[in-house]
Amino acid sequence: MNMITRRAFSTLAATAMAAVMIGQAVLPAQAQELKSLQILAPSSAGSGYDQLARAIQGILQENKLAGAVEVQNVAGGGGTVGLSQFVTTKPRHPNALVIGFALVGGVLTTKSAVTLDQTIPIARLMGEADAIVVPVNSDIKTMADLVERLKADPSAVSWAGGSIGGVDHVAAGLIAKTVGVDPKKINYVVHAGGGEVLASTLGGHATVGISGYEEFRAQVDAGQLRALAVTGDTRIDGVDVPTLKEAGVDLAVMNWRGIMAHPKLDEKDRAGLEAAIAALVKTPQWKEALAKRGWIDTYLPAKEFEAFLADEQKRVESALKEVGLL
């Protein structure tokens, strides 16, 4: 029989007292110090930012990783209206901001005076492919049909998509460029979030809609929309929709999203937020959310996320120049 010394037992007991068990995951005590949290989603309700913010809200509360968690939506300016409000408003309690490719692009295209360098990286959380959809009664049946329309007259094909300079905008421009169409000639109509993109596409106000697949999933499943392609390297699990490459367009574009802290967040609250998010990504509920929404686990903790952001800002700037947005 294995024996445990008194000192070893004391160490084990101290470790147990400093952690909370959730399922099989041991969660650090710092994760329990986050008494309240306000999460700002810099877009409208129903958008990808909003979906992630509310997933975080539910999982943090369900697993008692935070006390009260509030989600606030502030749309406009490619996410920069929300970013500016987030940075300049004095927080009443710990504040977090959901960010992604779109907000990096929004800062660049709007020449925002407030930038992501004024926030504190906490974690990158997930990636997501866009979907390109049309109303089910559209005579565009395949991606090849859409490419044919674009080549005939790019201005006659209206794209309903998210914020200016965001991944939807860049993807539409890169699709045009890849098939030999001047990306500056595409007719891209900016919307505040996925909910508005969906309404515009369903209402026939746009030829095609482009946004995260999850924002179209229910209507695709209900037979109201037809998905022509997804923009990732691989198909979404359980979704019978080809990638762009499978559909004849040699391109792959992925979105990502993460979370930042308010610049005036004190060290204790920042440590609590980092610990809570690190614990969140280990929960069964987070894994279920990834699978349910077709999200890809791209988690990076604070230091790695900070390095990623530095490189990503350069990459997004290059992509925006490539499609004529800068």
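**Salt bridges and burial in a predicted model**

Reader: How many salt bridges does the structure hold?

Author: Happy to start there, with the reminder that this is a predicted model. A pair is counted when a side-chain nitrogen of Lys or Arg lies within 4 Å of a carboxyl oxygen of Asp or Glu. On that basis, the number of salt bridges in the structure is 9.

Reader: Which residue meets glutamate 128 in a salt bridge, and where is that partner?

Author: Glutamate 128 sits in strand β6, residues 120-135. The bridge has an N to O distance of 2.7 Å, and it links distant parts of the chain, 129 residues apart. The partner lies in strand β11, residues 254-261, and is arginine 257.

Reader: Are glutamate 128 and arginine 257 buried or exposed?

Author: The word for a residue under 20% relative accessible area is buried, while over 50% is exposed. Glutamate 128 and arginine 257 fall in the same class. Both are buried.

Reader: Aspartate 240 and arginine 235 also meet in a salt bridge; which of the words buried, partly exposed or exposed fits aspartate 240?

Author: The closest approach in this bridge is 2.9 Å, N to O. Arginine 235 has a relative accessible area of 36%, so it is partly exposed. Aspartate 240 reaches 70%, and the cut-off for the top class is over 50%. Aspartate 240 is therefore exposed.

Reader: Which residues do salt bridges with shared partners join into one network?

Author: Arginine 235 bridges to aspartate 240. Glutamate 246 forms a salt bridge with arginine 235 as well, with the closest N and O atoms 2.9 Å apart. Glutamate 246 and arginine 235 are both in the loop between β10 and β11, 11 residues apart. The network that results is Arg235, Asp240 and Glu246.

Reader: How far apart in space are glycine 223 and proline 135?

Author: Glycine 223 is found in the loop between α8 and β10, and its 37% relative accessibility makes it partly exposed. Along the sequence, glycine 223 and proline 135 are 88 residues apart. From C-alpha to C-alpha, the distance is 8.9 Å.

Reader: What share of the contacts in the protein chain with a separation of 6 or more comes from residues 24 or more positions apart?

Author: For background, the protein chain has 11 helices and 12 strands, and 54% of its 326 residues are buried. A contact here means heavy atoms within 4.5 Å. Among contacts with a separation of 6 or more, the share from residues 24 or more positions apart is 75%.

Terms used. Residues numbered from 1 in each chain as written. Predicted model: local features only at pLDDT ≥ 70, side-chain atom pairs only at ≥ 80, totals over all residues. Heavy atoms only, no water. Helix = DSSP H or I, 4+ residues; strand = E, 2+ residues; numbered from the N terminus. Buried < 20%, exposed > 50% of the residue type's maximum accessible area, 1.4 Å probe, protein only.
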